[in-house]
Protein chains: 2
Amino acid sequence: MKQIENLLGFRESIKVVDATLRDGGLVNDFFFEDDFVNELYKANVRAGIDYMEFGYRASKKVFDESKFGKWKFSSDEHIRQIVGENNSDLKLAIMADIGRHDKDDFDQKVNSPVDLVRVAAYIQQMPEAIDMVEDAAKKGYETSCNIMAISHANDNEIKVALDMLGKSPVDVIYIVDSFGSIYPEQMTRIADMYLEFAAKYGKKVGVHAHNNQQLAFANTIEACGDGVDWLDATYLSMGRGAGNCAMELLIGFLKNPKYNVYPIFRFIEEHMIELRKKGVVWGYDLQYLMTGLLNQHPRSAIQFTKEKRTDYSEFYKDLLI
Amino acid sequence: MKQIENLLGFRESIKVVDATLRDGGLVNDFFFEDDFVNELYKANVRAGIDYMEFGYRASKKVFDESKFGKWKFSSDEHIRQIVGENNSDLKLAIMADIGRHDKDDFDQKVNSPVDLVRVAAYIQQMPEAIDMVEDAAKKGYETSCNIMAISHANDNEIKVALDMLGKSPVDVIYIVDSFGSIYPEQMTRIADMYLEFAAKYGKKVGVHAHNNQQLAFANTIEACGDGVDWLDATYLSMGRGAGNCAMELLIGFLKNPKYNVYPIFRFIEEHMIELRKKGVVWGYDLQYLMTGLLNQHPRSAIQFTKEKRTDYSEFYKDLLI
């Protein structure tokens, strides 16, 4: 059993990653105003957040630049316009989505404000993911790898992927509950499996949860209690579909005095309530509970949301087919 | 560690209690329309719910009848108008709130449609609570007792209360997270303490959670995994402040084939979305997270909500004084 002391103590090794722009960008096609990004950066610095993920660095050969906001591509120039020389303790991250990235878009670390390259891949894309990890590590970046959709993979497949990643230069291996289908007691078991490989190869483990069943925060602190050190969260849970672990919940829970929840509340009040009023929609709702419960990709629930449907029971019946 | 088999298996001893009218009534002063209550009753029967709590049986000597809907008082007559002879497997409950009840309002069980009398009391009211439990048990009712606000009590006080209840005729002793301040790893420890006394005296243990930190469902299934059998939930989390464990999440999680989540989705779609549109407000929001985080009574957050304030960071600063 985890010890009660852990609730008032803290581990120096914990790193909190703000994924608001990246996962949140999935609900507004990355059209964040510069003021929003500027203030989010400042809030993260004030709140003592460890890493801020700016967005994807998607390939312009794959995506039409005119159809997305700049944080779909998160160039070094765009980031510098926000952070300047980033004279802060906040480290900066971007995500490479395997199959939709281009290694050539990643300069040498010495020329870039980015500290961490986060690689996201489905389990069958692991060789390509590791190729990307190796390239980024060679260029001087810290690296992490998200194995996505593990609730659709079996333990043997996952162990093969963990072994491959263990042998790679990756620094952090992420548990990702892509469909928000994982319960805390499953999270414990998954964390144990990841931590075993991590210990063998000297890696860190992270967790990225989704809130389909209102378990994103619970799963994150469950994993944290098990020894997972890298914790993803987003302000006001902003993220695809049901959203993520709420930053305000996570920072409220973590007791390291370097963290401060007040700037988070302030940013939400001044910048995110407005976003909602403008019609940007995300967060827990019945359609996301349903896809989570049934361990399905949320795309049908996202469509249901876009169409402003409220015939939940019909939607549920369709999911069961 | 809890076993993975538990996630697909089920315990016959689990009882699900729908507290929508009672805890939900706290947000609309119990002004539910008869059609709503009728359909909720039918939905509970179809969903295989074990108990339906109709409301408080508050004393009319304490509360002005003209200022509340009928489910503040939940007379046997009102209940019969909904359930007739209740020819179903669904058992019926009402709540007696210690200090605001009157024993004389409770007829002999043989004359009443009510099966279970739920007694709610603060820990310092335990003698009066036990007096009520004894009276109800003598009249032929099943009884349960909620010890409220335990996050403001210490373990020694709670143990004294558990011992008193153990020696009483009460059937079920409830863990109540009144302020939504308890984390799952605390819930495990609390459940162990309650279960130890329950085993000694041959009682059952229940859990009633609040969603201030989006942990009502997580804490409920945590307690369930620890051996707590009686699980409170409300449709769409309807309840005071941040609301409760959502019935749709709980029934989605429980695997006993007697439960059926579809009628729950259907009821929410047809009757509760409307309620929200009419301006009835409940559920997770930053002000409730704040009082939960700080282990405070939600009354200031409820007031903040009523005043439609959005200056969250000011509110937070006031709570810290």
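## Domains of chain A

Which domains does the domain assignment of chain A give? In this predicted model, chain A is assigned domain 1, spanning 11–282, and domain 2, made up of 286–292 + 295–319. If you would like a feel for their spacing, the C-alpha centres of domain 1 and domain 2 of chain A are 25 Å apart.

The two domains of chain A also touch: ten residues of domain 1 are in contact with eleven residues of domain 2. On the domain 1 side of this meeting, the residues by class are three nonpolar, six polar and one charged.

## The largest nonpolar core

Let's turn to the inside. The largest nonpolar core holds 213 residues, and the ones that touch the most other members are Leu250(A) and Leu250(B). Domain 1 (11–282) and domain 2 (286–292 + 295–319) of chain A both contribute residues to this core, so the core lies between them. In soluble globular proteins, nonpolar side chains tend to be buried together.

What is Leu250(A) in contact with, leaving aside its neighbours within four places in sequence? Its partners are Val16(A), Phe217(A), Thr220(A), Leu231(A), Ala233(A) and Cys245(A).

## How the two copies are related

Now for the pair of chains. A turn of 180° with a shift of 0.0 Å along the axis lays chain A on chain B, with an RMSD of 0.0 Å. The two copies are therefore related as by a two-fold rotation axis.

Why can we say that the copies meet through the same surface? Of the interface residues of chain A, 100% are also interface residues in chain B, so the surface is the same for both copies.

Methods: Residues are numbered from 1 along each chain as its sequence is written. Chains are lettered from A and ligands numbered from 1 in the order in which they are written. This is a predicted model: local features need pLDDT of at least 70, side-chain atom pairs count only at pLDDT 80 or more; totals for chains, interfaces and linings use all residues. A nonpolar core is a set of buried Ala, Val, Leu, Ile, Met, Phe, Trp, Tyr and Cys residues joined through C-beta atoms within 7 Å. A residue is buried if 20 or more other C-beta atoms lie within 10 Å of its own, exposed if 12 or fewer, and partly exposed in between; C-beta atoms are placed from the backbone. Domain bounds come from an automatic or database domain assignment. Two residues are in contact if their C-beta atoms, placed from the backbone, lie within 7 Å. Ala, Val, Leu, Ile, Met, Phe, Trp, Tyr, Cys and Pro count as nonpolar, Asp, Glu, Lys and Arg as charged, and the others, Gly among them, as polar. Copies are superposed by least squares on the C-alpha atoms of residues with pLDDT of at least 70 in both.
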